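The following exercises are to be worked through with the sequence and the structure at hand. Each task is followed by a solution in steps.

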Amino acid sequence: MRAKSYKGLLQKYGPFTLLATVVLAVWELVVRLGAVPEFILPAPSSIGAALLEHRKLLIGVHLLATLQEVLTGFLLSILCGTLLGTGMFMFRPLEKALYPFLIISQTIPLIALSPIFIMWFGYTLWSKVAVVFLTAFFPVVVSTYDGLRSSGKGYSDLLLTMGASRWQVLAKTQAPLALPAFFSGLKLSVVYCVIGATIGEWLGGREGLGYFSRRMAGNLQSAEMFAAVILLSVMGILLFLAVAWIEVVILRRNGSAVL
């Protein structure tokens, strides 16, 4: 049984692990042979050493600051995005009035908006949370709205003919059936949150991995800058996996309830 499990893991992750190992080995070799200067592309071993040397500052200070911005903006985007997506689905005039504004909000570059948020909120947590929120809000609204729209019309019609109210139909069939689309939006949104927080810190911050990487880039300390980038990537992956795990748990429970 255990051998079968190892074989399954090997088949699933073996090709990726092998390719990643080859890429890292070639990367290290190219830099060590002097084909690329270290200040442009540091060797993986140098990045690992920088990560180890600055671990207390990177993880104890800057990682926590970025994580706080990401989680605050993500939770706000879930709350507001779900309410707005549901509201647009339930009330057509609201959808007609607000949907164009949502599209317009995504056409404005975040880099152009960040100085405005700094002017409004200063170099506080909330200027970065505003950038994160704006980045993550749109996928949540659209996935909620589209998920509800595509939820089983047959079930809804059946409940309506049995005398159920609109809100009962929403709670009993439409919301549960919209969950897969909703979680797809959340997985996209949580990754965008990390990007939004990094942009906010790059343009104006006093702490966070984006701020740290900008400072290191200015000093041509490439290994330290790459170390911060790797931590940002790991954070995005772990948050994505956490949302995916919550999705599996909720859909498993919800599946038995709906079907």
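**Exercise 1: The surroundings of Met88**

Leaving aside neighbours within four places in sequence, determine which residues Met88 is in contact with. State also whether Met88 is buried or exposed.

*Solution.* The model is a predicted one.
Step 1. Beyond its sequence neighbours within four places, Met88 is in contact with Leu94, Glu95, Leu98, Tyr99, Leu102, Val141 and Tyr145.
Step 2. A residue is buried if its relative accessible area is under 20%. Met88 has 0% relative accessibility and therefore counts as buried.
Step 3. Met88 has its place in helix H3. Between the C-alpha atoms of Met88 and Pro100, which lie twelve residues apart along the chain, the separation is 12 Å.

**Exercise 2: Helix H3**

Establish how many residues helix H3 has and where its kink is centred.

*Solution.*
Step 1. Helix H3 covers residues 55-90, which gives 36 residues.
Step 2. From first C-alpha to last, H3 reaches 49 Å, close to the expected 52 Å at 1.5 Å a residue.
Step 3. The kink in H3, of about 35°, is centred on Leu63.

**Exercise 3: The whole chain**

Describe the chain by its helices and strands, its box and its buried share.

*Solution.*
Step 1. The chain contains ten helices and zero strands.
Step 2. Along the principal axes, its C-alpha atoms fill a box of roughly 75 × 60 × 30 Å.
Step 3. Of the 259 residues in the chain, 38% are buried; Met88 is one of the buried residues.
Step 4. The chain exposes about 15,100 Å², of which carbon and sulfur atoms supply 72%.

Notes: Residues are numbered from 1 along each chain as its sequence is written. This is a predicted model: local features need pLDDT of at least 70, side-chain atom pairs count only at pLDDT 80 or more; totals for chains, interfaces and linings use all residues. Side-chain values use heavy atoms; hydrogens and water are left out. Helices (H or I, at least four residues) and strands (E, at least two) are DSSP runs, numbered from the N terminus. The expected span of a helix is 1.5 Å times one less than its number of residues. The bend at a residue is the angle between axes fitted to the seven residues ending there and the seven starting there. Buried means under 20% relative accessible area, exposed over 50%, partly exposed in between (1.4 Å probe, protein chains only). Accessible areas come from the Shrake-Rupley method with a 1.4 Å probe; for residues, only the protein chains shown count as cover. Contact means heavy atoms within 4.5 Å.
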